[in-house]
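The following note sets out some points for a colleague who is beginning to read protein structures. Please keep the sequence and the model open while going through them.

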Amino acid sequence: MTAARLLALTVALVCSGGVQALENGLARTPPMGWLAWERFRCNTDCVNDPHNCISETLFMQMADILVSQGYRELGYNLVSLDDCWLARDRDSRGRLQADAHRFPSGIPALSDYMHKRGLKFGIYEDYGNFTCAGYPGILGHLQKDAETFAEWGVDYVKLDGCYSHPTDMDRGYPEFGYFLNKTGRPMVYSCSWPFYQIYSRMKPNYSAIINTCNLWRNFDDIQDSWESVQRIIDYYGDNQDEIVPNAGPGHWNDPDMLIIGNFGLSYEQSKSQMAMWAIFAAPLLMSVDLRTIRPEYKAILQNQAVIAVNQDPLGIQGKRIYKDKGIEIWARPISPISQGHYSYAIAFLNRRTDGTPSEVSVTLRELGLAFPGGYAITDLFDGVQYGTVLPDKRFKVDVNPSGVVLVRCEVVKTTGFGSDVRAPVNPAQPQSAFRNPFNNQLFNPFG
Ligand code: GLA
């Protein structure tokens, strides 16, 4: 093992909510790429549905599009298998093998295909006797499977937890992580460990999880609906005090795949998912048919300003700071920092269904943004610039039903009022006050 590799594997105390975290040098910002599961599931019928079945062709086509249509340059550099790539049995030497009909060139060739195009290659397995879809799991073969993945040039391993005991996971996930590290090949380690434990009413040991995994799922699988996206948003908001401090460079909460461009989300809802995943510092793993995605959905996935929030180098996950009558405000501290004050991304999310945009009016101070020089505010979806807004200047946004307004508020060193800041308005909504967790002050965004 090289000195650099040894260094990279050193477990260091990092300043992230006071937790000790795995520092394998990987996933310094949330991983980005394409993952098969949500859109393509376990379709193994390549005879009747060759275009959509889980086969090497599908992954090669997605890789080609990531490269040719600009996704890779924006950071989407991972192509990952999910369940149902395996043959039903191990080979004669006890090694995992891909289904020979659907992956005739074999996994090493597929991995090479990705690397030749400047992409990373991800694989899926399960810490149990079987994967969730019933293919061979890694239990009893941990070291051999980690070595196989390293030989195959795998860059990212998603390790699921079906057909295993959640109580065994506190030992099993670190053990497999140890074997991954021991191979000497850097592999991002994606875990489902807390999810299965929470589901079994256990309390996950997040300090151990952070020490082991680069990302982890803590909630249900995303489905192709706005309802599913909202359930995830609620979970993250309702449990933020426990889960937000665990995120940071190298270790991320994973709210599951982006479903933008599929069947279930409207245009507004798609922007909401993208904005919220940016606030969450979430992995951006698209699960969509990139061959047929409509241009307006592709534009959401390719919005550089929103991606920049998601990938902010400070790696601080955002929090819900207001929730009432279907309106939520979420805030994520981002760079640059000036004189001890963070910049922020602020998402105004409208969960109402009353058919007309809701007006939300706030001062930055109410949101906890008190830099005396003010903030340069930009709307990240429509590009509107509000100019420099001082902490006590009231500004308003109109948020479409099931939509979002995402603004970037950057600390500026000069003072002055932006000329295009709109005047305060009289709110139609009933008054209500709320305490902001970032500064513990009461505020009321409707007035
Ligand atoms: C679990 C995971 C999903 C997917 C499926 C595959 O449900 O949470 O993301 O990997 O298994 O069977």
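1. By class, the shell of residues around the ligand holds four nonpolar and six charged residues, with no polar ones. This statement, like those that follow, concerns a predicted model.

2. Which residues make up this shell? They are Trp37, Asp82, Asp83, Tyr124, Cys132, Ala133, Lys158, Asp160, Arg217 and Asp221. I suggest selecting these residues in the viewer before reading on.

3. Three side chains deserve attention for their distances to oxygen atoms of the ligand. For Asp82, an N or O atom of the side chain is 2.6 Å from a ligand oxygen. Lys158 places a polar side-chain atom 2.8 Å from an oxygen of the ligand, and for a polar side-chain atom of Arg217 the corresponding distance is 3.1 Å. Taken on its own, the ligand has 310 Å² of accessible area, of which the protein covers 92%.

4. How many cavities of 30 Å³ or more does a search of the whole structure find? The search finds one. The space in the largest cavity amounts to about 70 Å³.

5. The lining of the largest cavity consists of Leu35, Tyr156, Lys158, Ser190, Ser192, Leu215, Arg217, Asp254, Asp256, Met257 and Leu285. Both Lys158 and Arg217 thus appear in this lining and also among the residues around the ligand. By class, the lining has five nonpolar, two polar and four charged residues. Strands β6 (156–160) and β8 (215–217) each contribute at least two of the lining residues.

6. Elsewhere in the chain, strand β11 (residues 319–324) and strand β12 run antiparallel and are joined by five bridges. Within this pairing, Tyr322 stands opposite Ile329 of β12. The two strands form a hairpin with two residues between them, and Lys325 in the turn has a positive phi of about 50°.

7. Strand β12 (residues 327–338) also contains Pro336. The peptide bond leading from Ser335 to Pro336 is cis, its omega lying near 0°. A student may wish to display the backbone here and inspect this bond directly.

8. A second hairpin is formed by β15 and β16, with five residues between the strands. Strand β15 (residues 375–379) pairs with strand β16 (residues 385–389) in the antiparallel sense over four bridges. Thr378 has Gln385 in β16 as its bridge partner. In the turn, Gly383 has a positive phi of about 75°.

9. As a reminder for viewing such strands, side chains in a regular strand alternate between the two faces of the sheet.

10. What is the sign of phi at Arg41? Phi is positive there, at about 50°, although Arg41 is not a glycine. Arg41 belongs to the loop between α2 (37–40) and α3 (56–68).

Note on methods. Residues numbered from 1 in each chain as written. Predicted model: local features only at pLDDT ≥ 70, side-chain atom pairs only at ≥ 80, totals over all residues. Heavy atoms only, no water. Near = heavy atom within 4 Å. Polar contact = N/O pair within 3.5 Å; in protein donor to acceptor, adjacent residues only side chain to side chain. Areas by Shrake-Rupley, 256 points an atom, 1.4 Å probe, with all protein chains shown as cover. Nonpolar A, V, L, I, M, F, W, Y, C, P; charged D, E, K, R; others polar. 1 Å grid on protein atoms, 1.4 Å probe; cavity = no way out; pocket = protein on both sides within 12 Å on 5 of 7 lines; lining within 4 Å. Points joined across faces, edges and corners; volume = space filled by probe spheres on them. Pairing = 2+ DSSP bridges.
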